[in-house]
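Please explain where this protein chain has nonpolar surface and where it leaves empty space, in pockets and in cavities.

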Amino acid sequence: MNKLIVSPAPHTHSGDSVRRNMLLVIAALMPAYAVSIVAFGWGVLITTAISIVACVACEWLVAKYVLKQEPTIGDLSAVLTGLLLAFNLPSNLPWWIVILGAVVAIGVGKMSFGGLGQNIFNPALVGRVFLLISFPAQMTTWPLPQGFQGSYIDAATGATPLAAMKQIVKGDASAVNQLPDLWNAFIGLVGGSFGEVCALALIVGGLILIFTRVITWHIPVSILATAACFAAVTGWCGVLPESFTTGEYVLMTLCTGGMLLGAFFMATDYVTSPMSPWGKIIFGIGIGIIVMVIRTWGAYPEGMSFAILIMNACVPLLNKIRPQRFGEKKK
């Protein structure tokens, strides 16, 4: 027989709620979003609006007419999914592809498991990976920062720093000339998915989440430390040209691509990450190793989305790593 044991009064409410946490994450994303608008212009606003509206509409329709339950769009989880999905897309992506990604993110990645709290994979990354596999050309055509000039669909495009870094590791020393200045990569003046380009803004947002205790340090620190160590060992193995130092490679690894966005905002999702501190650390180490293996030897220059989804599948096993219960004897 199940027993519910409640401690004596008085009881206090922490004030925590799903809606509050969603609002805090959305607020923490705003510095990076503001930089993205300045860098990429109308495409950011259009892509974000389409993604959020499509995610909210899809969740409402599935909950109302498929699951026959009261829609829970008021908790803002669908809004956050739409925002995170948009952050993982090029700002010049055609509108119908954005809608398709939102439908897959919510309909397949979230609602097919029963809704919030029951999905095993990060919904935004499910949508992103589906689009990357289905529309590789459109998903890897990266606009360059040019503000509000011209049409967002016809924006000037170019390679990302990760593509050049992969060529460097393969022995192409001339690819060093294709890398942006490290400061430009830090402040967001590079091409890529619009929400991942400004390292400075993402670090600010991540620290906001840590200091407000929306997330803990375990996953971000373990991901970034693992990736940094992997990059350092790669440099020490002598595969880098003399014009590109190990220190530059480590910093560029951490500041470019989806490393910071994934470490602070995607991998730390409550539902799809482990509960225990040691589970979170192992989870982060696994992501750091997988993303660097893909970046170094894989077919794609980026691997954060794949790394997080692979480790999402390991979360039930990692949740077996639990802290010692209060009063329990050590074995």
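The paragraphs below take the surface patch, then the largest pocket, then the largest cavity. The model is a predicted one.

On the surface, Trp 95, Trp 96, Ile 99, Leu 100, Val 103 and Phe 130 make a nonpolar patch of about 530 Å². Helix α4, which spans residues 95-108, gives the largest share of this patch, with 5 residues. Ile 99 is one of the patch residues and has its place in helix α4. Its relative accessible area is 32%. Because buried means under 20% and exposed means over 50%, Ile 99 counts as partly exposed.

The largest pocket holds about 410 Å³ of space. Its lining consists of 24 residues, and Met 22, Leu 80, Asp 269, Tyr 270 and Val 271 are the closest to the pocket centre. At least two lining residues come from each of the helices α1 (18-40), α3 (77-87), α5 (123-134) and α12 (259-266). By class, the pocket lining has 15 nonpolar, 7 polar and 2 charged residues.

Enclosed space is also present: there are 4 cavities of 30 Å³ or more. The largest cavity has a volume of about 250 Å³. It is lined by 24 residues, and those nearest its centre are Trp 142, Thr 160, Leu 162, Glu 196 and Glu 302. Helices α5, α7 (161-169) and α14 (304-312) each supply at least two residues of this lining, and the largest share, 3 residues, comes from α14. The cavity lining divides into 12 nonpolar, 9 polar and 3 charged residues. Helix α5 thus supplies at least two residues to the lining of the largest pocket and at least two to that of the largest cavity.

Definitions and conventions. Residues are numbered from 1 along each chain as its sequence is written. This is a predicted model: local features need pLDDT of at least 70, side-chain atom pairs count only at pLDDT 80 or more; totals for chains, interfaces and linings use all residues. Side-chain values use heavy atoms; hydrogens and water are left out. Patches are made of residues with over 30% relative accessible area and no salt bridge: like charges are joined within 9 Å, nonpolar side chains (Val, Leu, Ile, Met, Phe, Trp, Tyr) within 5 Å. Accessible areas come from the Shrake-Rupley method with a 1.4 Å probe; for residues, only the protein chains shown count as cover. A salt bridge is a side-chain nitrogen of Lys or Arg within 4 Å of a carboxyl oxygen of Asp or Glu. Helices (H or I, at least four residues) and strands (E, at least two) are DSSP runs, numbered from the N terminus. Buried means under 20% relative accessible area, exposed over 50%, partly exposed in between (1.4 Å probe, protein chains only). On a 1 Å grid over the protein atoms alone, a cavity is a set of points where a 1.4 Å probe fits but cannot get out, and a pocket is an open set with protein on both sides within 12 Å along at least five of seven lines; lining residues have an atom within 4 Å of a point. Grid points are joined across faces, edges and corners, and a volume is the space filled by probe spheres set on the points. Ala, Val, Leu, Ile, Met, Phe, Trp, Tyr, Cys and Pro count as nonpolar, Asp, Glu, Lys and Arg as charged, and the others, Gly among them, as polar.
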